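Work through the following exercises with the model open beside you. Each one sets a task, and a stepwise solution follows.

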Amino acid sequence: MNFKFSEIDGWYKTKSGNINAKLIFHTINKLFYTSYDKNILYFGPNHIIKKIAEENYNFNSFYISSSKEADINAEIQKLPFQESTIDYAVLIHSLDIDVNPHATFREIDRVLRDDGEIIVVGFNRISFLGIYGLIPIKSIFRKKKYVGISRLSDWMSLFSYEIKQVVNI
């Protein structure tokens, strides 16, 4: 079973989720340097994406979602962009919620330029939160499918991407 955006949104309203969101903002702002001529795609929970986009403002940035808050209403596996037109893709829990994360990754690869960069944020099964999901209490982390770092690394190498940095937060 995959995560649902509503579950993730609800969790980010908790104290633990709020702390995690601040860590994501801080980490992405350290990793992410753009210029005004770059095309940027953002996927993920609305409140997190809006905060990141505000701090990395760019005229050519697009929040892609099926929600009404999106800049472009589209599914992540059917992006309305030509091949090799995007410079950066920021995926916040997008692979966690998708039933076919490999297809999502293929679609990102299709629209990303050869020198493009991807930032992926997801839950880690071997983190405290992942282990918390093993405890027999009600939690959004129980019985979920996680895209592990090793699987993501395999996909990256399959598409000839270089992994510059892995950050655990």
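**Exercise 1.** Determine which residues of H2 meet which residues of H3, and describe how the two helices pack.

*Solution.* Begin with the contacts, where contact means heavy atoms within 4.5 Å: Ile24, Phe25, Ile28 and Asn29 in H2 meet Ile48, Lys51, Ile52 and Glu55 in H3. Sorted by class, the residues of this contact are five nonpolar, one polar and two charged; here Ala, Val, Leu, Ile, Met, Phe, Trp, Tyr, Cys and Pro count as nonpolar, Asp, Glu, Lys and Arg as charged, and the others, Gly among them, as polar. Next comes the geometry: helix H2 (residues 15-31) and helix H3 (residues 46-55) pack at an angle of about 35°, and their axes are 10 Å apart. Axes are lines fitted to C-alpha atoms, for helices over the stretch in contact, and angles run from 0 to 180 degrees between N-to-C directions. Finally, H2 passes H3 in a right-handed crossing, a crossing being right-handed if the near helix is turned clockwise from the far one by less than a right angle, and left-handed if anticlockwise.

The model is predicted, so local features need pLDDT of at least 70 and side-chain atom pairs count only at pLDDT 80 or more, whereas totals for chains, interfaces and linings use all residues. Residues are numbered from 1 along each chain as its sequence is written, and side-chain values use heavy atoms, with hydrogens and water left out.

**Exercise 2.** Establish the order of the strands in the sheet and the place of S1 within it.

*Solution.* Helices (H or I, at least four residues) and strands (E, at least two) are DSSP runs, numbered from the N terminus, and two strands pair if DSSP finds at least two bridges between them. Five strands form an open sheet with parallel pairing, in the order S3-S2-S1-S4-S5. Strand S3 (72-73) and strand S5 (112-121) stand at the edges with a single partner strand each, so one side of each is left without a neighbour in the sheet. S1 pairs in the parallel sense with strand S2 (residues 61-65) over three bridges, while four bridges join S1 to strand S4 (residues 86-92), again running parallel. Within S1, Ile40 stands opposite Ser61 in S2 and opposite Tyr88 in S4. Both faces of S1 (residues 40-43) are covered, since Ile40 and Tyr42 on one side and Leu41 and Phe43 on the other are all buried; buried means under 20% relative accessible area, exposed over 50%, and partly exposed in between (1.4 Å probe, protein chains only).

**Exercise 3.** Find which residues of helix H1 are buried, and on which side of the helix they lie.

*Solution.* In H1 (residues 5-12) the buried residues are Ile8, Trp11 and Tyr12. They cover an arc of only 100° around the axis, which puts them on the same side of H1; the arc is that of the directions from the helix axis to the C-beta atoms.

**Exercise 4.** Locate Ser84 and His93, and decide whether each is buried, exposed or partly exposed.

*Solution.* Most residues other than glycine have a negative phi. Ser84, in the loop between S3 and S4, has a positive phi near 55° and is partly exposed, with a relative accessible area of 35%. His93, in the loop between S4 and helix H4 (94-97), also has a positive phi, near 60°, but His93 is buried, with a relative accessible area of 1%.
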